[in-house]
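These are my notebook entries on a structure that I had not examined before. I set down what I looked up, topic by topic.

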Amino acid sequence: MIEELLAALLESGADAGHEELADILWLAARISAEGHLARTGDGGEPDVEHGTVPPSKPDRDDGGPQASERYYSATPAEDRSGASSDARRGEAVLVRRALALENPLGIMRALRPLGRRTAPGVTTTELDEELSANSSAEQGMIVPILKPQRGRWLDLALVIDTHHSMLLWHDLVSELTRTIEQTGIFRDVRVWFLSGTEAGGTPTVARANGGDSRRPQEVADPSGHRLVLVVTDTVAEGWNATSLEAVLAQWATHSPLALLNVLPRRLWTRGAVAPAGVVVRAARPAAPNASWRLAEAAPPGGRSRPSSRSRGRQGLAGSIAIPIVEASPPGFAALALLVAGEGRWNRLSCLTIGRTGRGSGPAPAPVFVAAPELDGTQALRRFQEAASPVAQELAGYLSAVPLTLPVMTLVRRAMLPHSDHGHIAEVALGGLLEGWQDGHGMRDMARFEFHFLPGVREALLGAQLRHDVTAVQELVRREVAGYVERLAGGLGGDFPAMRTTAGGTGERSIGPRAMPFAESALPRAAWQQERERFSFPVPGGVVAMASVPAINGRTYLATYSRPDGKVRTWDPEMGSMVSEPFTVQAPGVVAIAAVPRRARSPLLATVDYGGEVRLWESTDGRYVGIRYAIRSKEVLSMAEFLEANEPPRLVVTEYGGGFQIRDAMNGAPVDKTLRTGAFPGRAVTALVDPAGRRCLATADYSGIVRLWNLRVEPAARHEIITIRPQKVLAMAAIDRSWSHSLLATIGYDSIVRVWDPFVGSEVPDPDPVLDLDAMDPIRFERLVFRLLGEMGEGSVTIDERRDSGIDAVLTRPGTGETIIVQVKHVRRVVAGEVIRSFAQSIHDSEARKGMIITNGTFLKSSIEFTQGVGRIQLIDGRALRGLMREHLGIDFFLESPPNVPPATRDSR
């Protein structure tokens, strides 16, 4: 082979010596046929490509469709080379992590009180400028005087519980340690690992996880300049044992001691430690717990009298209080103020133990223990009975991905931004997973994979979307990929993964049972970008949105957030709130809708999963006392649905594809339930199409928006637009009096996007062509007011009281004369009683004249009556269409209302 290469070089005339030949061979081994460097290092392992999930790249250069890139966890079982040639293959990459710790910057700020104090150093000195100057002046020569240099005064010992349940908190504890070290407040941050917290264990400490055991006494500092912070979830049963309490008592005798419970406060009662409210006071900075003054805390909302506080001190005599704080800014702030020794009484949740290490009473057994005899079905039923709704929803999303810590955190952040790490703990410790005690010695937690009990993953996956299990998997993968793209440059670091493309190339094999956790989304097409008009961000946790018609003719957007229940009203054009947010006191809200009222702000309707509807004031959230139940097993969504000359109505959708139209004020069914035969989607609203018709629109998890014709059965649908990002949580219509509606959508990224849904669609006649008879009354009224302004009849003032049938008042420029206006949207004919009542209103208001404008027609007797009065101008539907065509440039489907009775017939 070498001889053939030399012969070829000689024939080509190249002058290559031994060194040049060696270089050629070395490069040939590292350059592929395409001319790229091979991804093999000297150690035989492929080099890792660093970066976040990039947009998908073309799989070929012939102009064909782009291929999706999938990302898999680099678990030990799959992360290996040399598998069969038929296996999927990929390349090693680094994917950006999502932060498990909430608000690390806030935690840094909370620790500031500990940095305001300094202490003289032992080994470092500095020049005492004042004493040096005085001494030099007295002695006539330069005499430098040194003094101990003052600096940071407090050390920190982080003692991390190594019980197997703490593996769930590995990333959070690592981020917390890094955050504390970066504050620069402590002289030294030393990490210890606490073993023996399981039932019957002997507590020991070590400097490394799994390292040589050392005596717990080495953690404390007798000089009193070390804070001991034990990081735990209190799930281990050993937290009930006297042996561990003896260790805590020993530390609390020499140093300030606190427990940092990584579980959120709402889950503390599920651990083995039962905290109680205690009022504590430290006499000096870094005083040990044994020297603190204690008193029993008053009940929440009450104040303890001096006598009761004295009795509380006597009841706590001989006890040591150990504060329990959350891994949050408020928790660290309370601890920092206490350790700083500012001399104030502080109310904290504490674990009280005896000075000899024995507590005053038995602690509860932890409930985060799965019964070993339960199978998957029983475990899932038990989990659903005890878990929070957010944890149950998170469990469904986690069923679509591999269960490694970085991936679980990514899914939580991408799919449920309003959740916290405690919801992952509810899933993992709620009995759904197989035991993971074997992972105790795992050094790389980014590769350690948890596993559901047999049958649990399938049950959870099938419960999310009844119509298509695959949709859940694709949804989660694309949402995670989009979230990772937005994490570029974040603080969470990276974790190893494998990426595969449709080409199937790569150095690593991917097992046949491996599940991807992310799939890069295809770039948006140009027409999709043209349809998006504008967008603006809103606070996270929004799960519902509604159109809110304002008295001034504008359309606002109301959003509802979980879990705080906040309702915020937005001006979509400005992207800002128009009023102060308020809280709706109703649990389990899944959708909201506006209920318009004449001359008043609309009501806000809420509906929960069980179908209970309640009505609230949309301005301040005051409950108006109206509630009713919709007979439906599972309500999916709800929206307002206005029809011509009809009272306000609501349309309610079901998981099974049913539409129910009901009276908004009492819930009475208006028509029978219509069936679509398919899952309609979580988002629903009512749009006005280019023909002026009010149509029902829905969006499912694929992002496809469909219009529905409810006049036929089964309801007919028409696709008009595809939304990106695909996951549409809620949507609402933004009505415009002169054209079709815009569409506002929101997803898990907490960004409201406003689209023109009919641009480039196949809906006929996209020009401004209207059907006044099919138009809803409120939009018809706005259009009439706009016409009067364009005609120059005067400034239009909307009468908010609507007394005596007066909808608006026109004021003539210059003269100041007033004309009162009544707008009537009718099916056919305006009744004669309306004309006579309006004539009395003109007389009472002392207006110069009055105008009645309608889309229909007037009776002959009414026309004769107004001719006799002389101060009433009637504008019927034919004349109105002519004026709108002249002044607004609008054309119409119908020149006159259908089925108009003869003019000589009186309906009285």
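**Entry 1: the chain as a whole.** I call a residue buried when its relative accessible area is under 20%. The model is a predicted one. With that cut-off, I noted that 51% of the 908 residues in the protein chain are buried. I then looked up the secondary structure and recorded 19 helices and 49 strands in the protein chain. For contacts with a separation of 6 or more, I found that 65% join residues 24 or more positions apart.

**Entry 2: a covered helix.** I turned to helix H10, which spans residues 389–398. How many of its 10 residues are buried? I recorded eight, and I therefore describe H10 as mostly covered. Among the buried residues of H10 are Val-390, Leu-394, Tyr-397 and Leu-398. Glu-393 of H10 is buried as well.

**Entry 3: the largest cavity.** I looked next for enclosed space and recorded four cavities of 30 Å³ or more. The largest cavity holds about 140 Å³ of space. Of the 14 residues that line the largest cavity, I noted Ser-547, Pro-549, Leu-642, Arg-694 and Asp-735 as the closest to its centre. Which elements give two or more residues to this lining? They are strand S21 (542–549), strand S38 (730–736) and helix H16 (777–791). H16 gives the most, with three residues. By class, I entered six nonpolar, two polar and six charged residues for the lining of the largest cavity.

**Entry 4: the second largest cavity.** I recorded a volume of about 50 Å³ for the second largest cavity. Its lining includes Pro-417, His-418, Val-542, Val-543, Leu-729 and Tyr-748. Gly-541, Gly-747 and Ser-750 also line the second largest cavity. I entered five nonpolar and four polar residues for this lining, and no charged residues.

**Entry 5: aromatic rings.** I found four aromatic pairs in the structure. One of them joins Phe-448 and Phe-450, whose ring centres are 5.1 Å apart with 90° between the planes, an edge-to-face arrangement. Phe-448 has a relative accessible area of 13%, so I class Phe-448 as buried. Phe-450 is buried too, with a relative accessible area of 2%. A further pair is that of Phe-495 and Phe-517: the ring centres are 5.9 Å apart and the planes lie at 45°, so I entered the pair as tilted. Phe-495 belongs to strand S17 (residues 494–500) and Phe-517 to strand S19 (residues 516–519), so the pair ties together parts that are 22 residues apart in sequence. Both Phe-495 and Phe-517 are buried. I also looked up a charge over a ring: Arg-207 lies over the face of Trp-192, at 5.2 Å from the ring centre.

**Entry 6: positive phi values.** I noted a positive phi near 55° for Asn-103, a residue other than glycine. Asn-103 lies in the loop between strand S3 (88–96) and helix H3 (104–110). Is Ala-286, which has a positive phi of about 55° although it is not a glycine, buried or exposed? Its relative accessibility is 0%, so I count Ala-286 as buried. Ala-286 lies in the loop between strand S11 (276–281) and strand S12 (293–296). Asn-103, for its part, has a relative accessible area of 43%, so I entered Asn-103 as partly exposed.

Note on methods
Residues numbered from 1 in each chain as written. Predicted model: local features only at pLDDT ≥ 70, side-chain atom pairs only at ≥ 80, totals over all residues. Heavy atoms only, no water. 1 Å grid on protein atoms, 1.4 Å probe; cavity = no way out; pocket = protein on both sides within 12 Å on 5 of 7 lines; lining within 4 Å. Points joined across faces, edges and corners; volume = space filled by probe spheres on them. Helix = DSSP H or I, 4+ residues; strand = E, 2+ residues; numbered from the N terminus. Nonpolar A, V, L, I, M, F, W, Y, C, P; charged D, E, K, R; others polar. Phe/Tyr/Trp six-rings, centres within 6.5 Å; stacked < 30°, edge-to-face > 60°. Buried < 20%, exposed > 50% of the residue type's maximum accessible area, 1.4 Å probe, protein only. Lys NZ or Arg CZ within 6 Å of the ring centre and 35° of its normal. Contact = heavy atoms within 4.5 Å.
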